[in-house]
Amino acid sequence: MDRPPRATVGGSGYGPAVAPHQLSKRDARRICVQAQLLTEPRPDDVLEVVRHLCMLQTEPTAPLGAPSADLVLWSRLGSGYDRAELVDLVDRQVLLEHLGYLRPSEDIALFRAEMSIWPGREPLKEWQRDNARWVAINDGCRREILDELRREGPLPTSAFHDSCEEPWPSSGWNDHKNVQTLLKLMVARGEVAAAGREGRQKLWDLAERVYPDDPVPDPDEAHRIRSERRLRALGLARERFVEQPGEPHHVGDVGEPAVVEGVRGQWRVEPTLLDAPFEGRAALLSPFDRLVQDRKRLDQLFEFDYLLEMYKPVEQRIWGYYALPILHGDRLVGKLDATAEPEEGVLRVDRVHEDFDWPTETREAVAAEIDDLARWLGLEVMYVD
């Protein structure tokens, strides 16, 4: 790949700036795939994979018999991955759930730094002021929750009485979910934390009884460290992007500047991946996989058209209820529409959508990965189409 001389051109706040690295789209894709541990050789340690990826989304939908977090780990580790390992890491609180993501416990201090300045940095956005106002109005309910947890925690959401004086201003999605919303904001404030599950119910406890007592860094330092780790996991990310719920897609000024041929915008690249050898392979990805979560980057770098269709009416679906994006080498090449039917002992493959006419090598590699998925699930492959 073409790397220009690293000439100093001015400061950026994180050390001297360098001339932007000139990347082709192929360079960019390979950096992204490599950063996400989707090349050969495969990793072999569950905890180290989660530490590198920074997080696993706790989306529970599981038409393939395993939720997204397990699919993400299987995509990296292969059929040797034992789901009991993830359960054990969560049970031992080596991994902790925070706002819908499993994260290494040692990273929680980086989020506690952000909790310490809730509702956020000045100047506050309107939604941040609204959140603070709503919590203040419902302070009585907040205190009741803390008192109950102090006496009897951990407790499920259903254990708390909704004594909110003002309901959450929902557009419909959060109707009658005042307690759930308040708990989420109390997590952001650093007062409560997810403390495991009882069946399918999430348990809550006082944050001080869940989080490790690690030193909390300065909020600016914590923000920088999180951005550095995010860039290592993404490989290539935009410097700036619109704020949105969940894990950010941008990384600020960490890493080194890059320009991607034919793509507008300011990018940052993880420099250790610029000259890394690339040995691609086939992979079937969760719809919530980090490689495909940023739909704008997905379109710009991979030119891949994808949308999770589980919320669409059946007649409007193109690829399927829970179609898995298919990776081969540095290209996303299609979607797999499949469903696990454990009662029948089969992984039913309704359709393998090829975005173009695949060469034999791609078709064979993808078929082998489908076989591996079935093996991991303890099922036999049954092609319908």
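Let's start with one residue, Trp-168, which counts as partly exposed at 22% relative accessibility. Before going further, please keep in mind that this is a predicted model. So, what does Trp-168 pair with? Let me take a step back for that.

The structure holds six aromatic pairs. In one of them, Trp-134 and Trp-168 meet edge-to-face, with 5.0 Å from centre to centre and 85 degrees between the planes. The two partners come from distant parts of the chain, 34 residues apart. Trp-134 belongs to helix H6, residues 126–137, while Trp-168 sits in the loop between strand S7 (155–156) and helix H8 (178–188). And is Trp-134 buried or exposed? Trp-134 counts as buried, because its relative accessibility is 1%. Trp-168, at 22%, is over the 20% limit for buried and therefore falls in the partly exposed class.

A second pair has another geometry. Phe-304 and Tyr-306 are stacked, 6.0 Å centre to centre and with 15 degrees between their planes. Both Phe-304 and Tyr-306 are buried. If you wonder what those two numbers are for, a pair of aromatic rings is described by the distance of the centres and the angle of the planes.

There is also an aromatic cluster, made of Trp-74, Tyr-81 and Trp-376. Which charged residue sits over the ring of Trp-376? That is Arg-83, whose charged end lies 4.9 Å from the ring centre. You can find another such arrangement at Phe-241, where Arg-238 lies over the face of the ring at 4.0 Å from the centre.

Now let's turn to charges that meet charges. Side chains of opposite charge can pair when their charged atoms come close. How many salt bridges does a search of the whole structure find? The search gives 36. I'll show you three of them.

The first on my list joins Glu-303 and Lys-25, at 2.9 Å from N to O. This one links distant parts of the chain, with the partners 278 residues apart. Glu-303 is in the loop between helix H12 (295–302) and strand S14 (324–328), and Lys-25 is in helix H1, residues 25–35. Lys-25 is partly exposed, with a relative accessible area of 22%.

Next come Asp-139 and Arg-142, whose closest N and O atoms are 2.8 Å apart. These two are three residues apart in helix H7 (residues 139–152), so about one helical turn separates them. Asp-139 is partly exposed at 22% relative accessibility, whereas Arg-142 is buried at 8%.

Then there is Arg-224 with Glu-228, where the closest N and O atoms are 2.4 Å apart. Both lie in helix H10, four residues apart, again about one turn of the helix. Why does that spacing suit a pair? An α-helix has 3.6 residues a turn, so residues three or four places apart point the same way. Glu-228 itself is partly exposed, at 27%. Going back to Asp-139 and Arg-142, salt bridges with shared partners join them with Arg-143, Arg-189 and Glu-191 into one network.

While we are at H10, let's look at the helix as a whole. H10 covers residues 219–234, 16 residues in all, and reaches 22 Å from its first C-alpha to its last, close to the 22 Å expected. Its buried residues include Ile-225, Arg-226, Arg-230 and Leu-234. At its start, a side-chain oxygen of Asp-218 comes to within 2.9 Å of the backbone nitrogen of Asp-220. After its end comes Gly-235, with a positive phi near 85 degrees.

Helix H8 is mostly covered, with eight of its 11 residues buried. Among them are Val-179, Leu-182, Leu-183 and Met-186. What do the buried residues of H8 pack against? Strand S5 (95–98), helix H5 (108–115), H6, H7, strand S8 (192–198) and strand S9 (201–206). H8 is followed by Gly-190, whose phi is also positive, near 85 degrees.

One last stop: Gln-293, in helix H11, residues 290–293. Gln-293 is buried, because its relative accessible area of 18% is under the 20% limit. Its side chain reaches the backbone oxygen of Phe-288 at 3.1 Å. Leaving aside neighbours within four places in sequence, Gln-293 is in contact with Met-55, Gln-57, His-249 and Phe-288.

Thanks for listening!

Notes
Residues are numbered from 1 along each chain as its sequence is written. This is a predicted model: local features need pLDDT of at least 70, side-chain atom pairs count only at pLDDT 80 or more; totals for chains, interfaces and linings use all residues. Side-chain values use heavy atoms; hydrogens and water are left out. Rings of Phe, Tyr and Trp (its six-membered ring) pair if their centres lie within 6.5 Å; planes under 30 degrees apart count as stacked, over 60 as edge-to-face and the rest as tilted. Buried means under 20% relative accessible area, exposed over 50%, partly exposed in between (1.4 Å probe, protein chains only). A charge sits over a ring if NZ of Lys or CZ of Arg is within 6 Å of the ring centre and within 35 degrees of the ring normal. The expected span of a helix is 1.5 Å times one less than its number of residues. A polar contact is a pair of N or O atoms within 3.5 Å; within protein, one must be able to donate a hydrogen and the other to accept it, and residues adjacent in sequence count only if both atoms are side-chain atoms. A salt bridge is a side-chain nitrogen of Lys or Arg within 4 Å of a carboxyl oxygen of Asp or Glu. Contact means heavy atoms within 4.5 Å.
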